[in-house]
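Biologist: I would like a close look at one part of this model, with the charged pairs as the way in. Please keep the account plain and connect it to what lies around that part.

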Amino acid sequence: MKAAVLHAAGKAPRYETFEDPVAGAGETVVEVLAASLKQVDKQIASGSHYASAKVFPSVCGIDGVGKLPSGQRVYFGGTRPPFGAMAERAVVRTVFSFPVPDGLSDEVAAAIPNPGVSAWLSLTYRGKLSQGDNLLVLGATGVTGRLAIQAAKLLGAGRVVAAGRNQESLRKLAALGADASIRLDVPDDELRQAFQGEIQSGGFQVVLDYLWGKPAQVFFEAITKREFSPIESETRFVQVGESAAPTISLNAATLRSAALTIMGTAGMPPREVLTSALQNVFDHAASGRLRIETERVSLAEVESAWNRDASGRRIVFVP
C-alpha cells in the first residue's frame with residue numbers, strides 16, 4: 001500500500017510503499033478515506049513527543065476516517081505502530097472506531113475530532129464551564145482556539161474573549177462567537193492593562209491556554225492583587241499547549257492573592273467521557289453549529305505539505 005513513511009525523527013515523511021497491515025485479536029483493518037495533519041502528528045514525527053516512534057520506518061498519523069470491512073464509515077484512533085492513519089489502510093483496535101454522521105464530509109469528519117474534542121473536554125471536563133461563565137482563550141486564532149470559542153457559546157458561556165497575535169484573524173472571530181479580542185503582539189504593559197480591563201468587567205471563570213510562555217505569564221501578573229480584597233469568583237486556568245514557550249516565571253504572590261486554579265488537560269479521560277464529547281462534536285458539526293476550515297491534499301504530496309503554514313485551516317490528506 002502507499003503511505004506517509006517516516007524514516008527518521010525530525011524528517012518529513014515520504015510517500016512510499018509500505019507493508020499492508022494485518023489485524024490481530026480485537027483489531028480491524030480500515031480502508032482510510034482521510035487523515036488530518038495535526039500538531040501532535042508533527043511532534044511525534046519530530047521525536048519530541050512521549051509517543052514518538054521508536055522503530056523506523058513507520059507510518060505517520062494518529063487518527064482518521066475510513067471504512068470498516070462491513071462498509072460502515074467510522075472515525076478511528078489507536079493505530080498500532082508501525083502503522084498509522086496516513087496510508088491507504090490502517091490497523092486499529094475495534095473499540096476505537098466510532099460511526100460518522102451522514103451529514104459530515106470525510107475531510108471534516110477527519111479534521112474536527114482531535115481539536116473539537118480537545119476544546120470540548122477542556123471546557124467541560126477540566127474547566128467545568130457553567131452557564132454564564134466568562135471565558136478567555138489564549139491562542140484563539142488557531143484551529144482548536146476557534147473551535148473552543150464556538151463550543152463555549154454552545155455550552156452557554158457568557159462573555160468570550162479571544163486573544164491572539166494575528167489581528168486579521170482576530171477580527172474574524174466575532175463571527176464565531178467572540179465578544180471581544182485582545183492583541184498579544186503588544187508590549188507587556190499594554191497587554192497587562194488589556195487583561196486587567198477585562199478582569200475588572202467580570203473577570204474570567206475559565207481560561208483555555210494554548211500558548212503558555214509570555215502571554216500566560218503576563219495574564220498571571222494581571223490577576224495578581226496588590227491588596228487584601230474579597231474573592232468574587234475563581235479562575236480555572238486550563239493549560240493545553242505551549243506554542244509561545246514551554247516555561248514561565250510565576251510569582252508565589254499570584255497564587256496567594258488570587259482565587260486561581262491551574263490545571264492541565266490530564267491525559268485521556270474515561271472512555272464514556274471521551275465518547276460523549278466526540279458525539280457532541282460530531283452532532284454539532286453535522287448541524288453546522290461547529291465549523292472548521294479544511295484543505296484537501298493528496299497523500300502523494302505529504303512531504304511538501306508537511307511543514308506548510310495552513311493559517312487556521314486543517315490540512316487533510318486523502319489517499
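How many salt bridges does the structure hold, and what can be said about those around helix α6 and the parts next to them?

Modeller: The model is a predicted one. The structure holds 17 salt bridges. Side chains of opposite charge can pair when their charged atoms come close.

I start with R159, which forms a salt bridge with E198. The closest N and O atoms of this pair are 2.9 Å apart. R159 lies in the loop between α4 and β10, while E198 belongs to helix α6, so the bridge ties together parts that are 39 residues apart in sequence. The two partners differ in exposure class: R159 is partly exposed, with a relative accessible area of 31%, whereas E198, at 14%, counts as buried because the limit for that class is under 20%.

Two further bridges share R192. With D189, the closest N and O atoms of R192 are 2.6 Å apart. R192 and D189 are three residues apart in helix α6, which means that about one helical turn separates them. R192 also meets E221 in a salt bridge, at 2.7 Å from N to O. This second pair links distant parts of the chain, since R192 is in helix α6 and E221 in helix α7, 29 residues apart. E221 is partly exposed, with a relative accessible area of 27%.

Helix α7, residues 213-223, is the next element to consider. Nine of its 11 residues are buried, so the helix is largely enclosed by the rest of the structure. The buried residues are G213, P215, A216, Q217, V218, F219, F220, A222 and I223. The cover over them includes α6 (188-199), together with β9, β12, β13 (235-239), α8 and β14 (260-264). Helix α6 thus appears twice in this account: it is part of the cover of α7, and its R192 is bridged to E221 of α7.

One of the covering elements, helix α8 (residues 252-257), contains L255. L255 is partly exposed, at 46% relative accessibility. L255 forms a nonpolar patch on the surface with L250 and I262. Together the three residues have about 230 Å² of accessible area.

Back at R159, the surroundings lead into the interior. R159 is among the residues touched by L135. Beyond four places in sequence, L135 also touches L123, A148, A152, V160, V161, F204, V206, V207 and L208. L135 is one of the residues with the most contacts inside the largest nonpolar core, along with I112, I149, L173 and L208. That core has 47 residues. The elements that give it two or more residues are β3 (27-36), α2 (106-111), α3 (113-126), β9 (135-138), α4 (143-154), β10 (160-164), β12 (206-209) and α9 (271-286). Helix α4 gives the most, with six residues. Domain 1 (2-112 + 292-317) and domain 2 (127-264) both give residues to the core, so it lies between them. In soluble globular proteins, nonpolar side chains tend to be buried together.

The two domains are otherwise described by a few values. Their centres, taken over C-alpha atoms, are 32 Å apart. Six residues of domain 1 are in contact with four residues of domain 2.

Helix α4 also holds a charged residue, R146. R146 counts as buried, at 11% relative accessibility. Its contacts, leaving out residues up to four places away in sequence, are A140, T141, S169, L173, L176, E293 and G312. L173, in that list, is also among the residues with the most contacts inside the core.

Away from this region, K38, D41 and D63 are linked in a network of salt bridges. D63 is in turn touched by F76, a residue of strand β6 (residues 73-77). F76 is buried, with a relative accessible area of 0%. Apart from D63, and not counting residues up to four places away in sequence, F76 touches V30, V32, I62, G64, V65, G66, A85, A90, V92, F96 and S97.

Methods:
Residues numbered from 1 in each chain as written. Predicted model: local features only at pLDDT ≥ 70, side-chain atom pairs only at ≥ 80, totals over all residues. Heavy atoms only, no water. Patch = residues over 30% accessible without salt bridge, like charges linked within 9 Å, V, L, I, M, F, W, Y side chains within 5 Å. Areas by Shrake-Rupley, 256 points an atom, 1.4 Å probe, with all protein chains shown as cover. Salt bridge = Lys/Arg side-chain N within 4 Å of Asp/Glu carboxyl O. Helix = DSSP H or I, 4+ residues; strand = E, 2+ residues; numbered from the N terminus. Buried < 20%, exposed > 50% of the residue type's maximum accessible area, 1.4 Å probe, protein only. Core = buried A, V, L, I, M, F, W, Y, C linked by side-chain atoms within 4.5 Å. Domains from an automatic or database assignment. Contact = heavy atoms within 4.5 Å.
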